[in-house]
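Biologist: I would like a close look at a single part of this protein, set in the context of the whole. Please keep the account plain enough for a first-year student.

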Amino acid sequence: MASMASMTKHGAQRMRERNGFKAKAAERMTERIFADGIRRENTTGRLRKWVDHVYYKGESLPIIYGDKCYIYTNDDKNRLITVINIPPNIMKDKKKMIRI
């Protein structure tokens with residue numbers, strides 16, 4: 001099976017620090033997050049504004065999964081660059097700001 005997403009060294013380090021995942025679990029979750037995470041287009045309100053701020057900082061693909069935002073490269077390699085915690089003031093209303 002071909003891999004849809006991979007991690008940079010920095011991305012793997014952030015997965016360990018912020019999620020506590022070991023290497024194999026981080027690889028599995030990187031794929032799952034890329035496939036099942038919430039994309040920028042499916043957000044509204046303050047969450048969308050925050051994701052846009054993250055998105056426009058560089059050529060990136062922010063994906064929300066749980067209480068974190070995972071930043072992938074926006075190219076054909078789909079590499080995880082880093083993991084960012086979503087601010088608590090946005091997390092409390094996150095369910096209201098997601099369109100499915």
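Biologist: How many of the six residues of strand E4 (residues 68-73) are buried, and why is that strand described as largely enclosed or not?

Modeller: A word on the source comes before the strand itself: this is a predicted model.

Six of the six residues of strand E4 are buried, so the strand is largely enclosed by the rest of the structure. Buried here means under 20% relative accessible area. Across the protein, buried residues make up 39% of the 100 residues.

Next, the directions of the side chains. In a regular strand the side chains alternate between the two faces of the sheet. In E4, Lys-68, Tyr-70 and Tyr-72 point one way, while Cys-69, Ile-71 and Thr-73 point the other way, and all are buried.

Now the sheet around the strand. The protein has four helices and five strands, and from the N terminus on its elements run β-α-α-β-α-β-β-β-α. The five strands form an open sheet with mixed pairing, in the order E1-E5-E4-E3-E2. Strand E1 (6-7) and strand E2 (38-39) are the edge strands, each pairing on one side only. Strands of a sheet pair through backbone hydrogen bonds, either parallel or antiparallel.

E4 has E3 and E5 beside it in that order. With E3, the pairing is antiparallel and runs over six bridges. Pro-62 stands opposite Ile-71 of E4. The hairpin of E3 and E4 has two residues between the strands, and Gly-66 takes a positive phi near 70° there.

With strand E5 (residues 79-85), E4 also pairs in the antiparallel sense, over five bridges. Tyr-72 of E4 stands opposite Leu-80 in E5. The hairpin of E4 and E5 has five residues between the strands, and in it Asn-78 takes a positive phi near 50°.

Going from E4 through E3 leads to the edge strand E2. Strand E3 (residues 60-65) and E2 pair in the antiparallel sense over two bridges, and Arg-39 stands opposite Ile-63 in E3. Ile-38 lies in strand E2. Leaving aside its neighbours within four places in sequence, Ile-38 is in contact with Thr-43, Pro-62, Ile-63, Ile-64 and Ile-98. Pro-62 thus appears twice in this account: it is in contact with Ile-38, and it stands opposite Ile-71 in E4.

A helix is also part of the picture. The buried residues of helix H3 (residues 45-55) are Leu-47, Trp-50, Val-51, Asp-52 and Val-54. An α-helix has 3.6 residues a turn, so residues three or four places apart point the same way. What covers the buried residues of H3 includes E4, along with E3, E5 and helix H4 (88-91).

Last, the protein as a whole. With 100 residues, a compact globule would have a radius of gyration near 13 Å, and the protein agrees because its value is 13 Å. The C-alpha atoms fill a box of roughly 35 × 25 × 25 Å along the principal axes. Of the contacts with a separation of 6 or more, 56% are between residues 24 or more positions apart. The accessible surface comes to about 6300 Å², and 52% of that belongs to carbon and sulfur atoms.

To return to the question, E4 is largely enclosed by the rest of the structure because six of its six residues are buried.

Note on methods
Residues numbered from 1 in each chain as written. Predicted model: local features only at pLDDT ≥ 70, side-chain atom pairs only at ≥ 80, totals over all residues. Heavy atoms only, no water. Rg over C-alpha atoms; globule rule 2.2 N^0.38 Å. Buried < 20%, exposed > 50% of the residue type's maximum accessible area, 1.4 Å probe, protein only. Contact = heavy atoms within 4.5 Å. Areas by Shrake-Rupley, 256 points an atom, 1.4 Å probe, with all protein chains shown as cover. Pairing = 2+ DSSP bridges.
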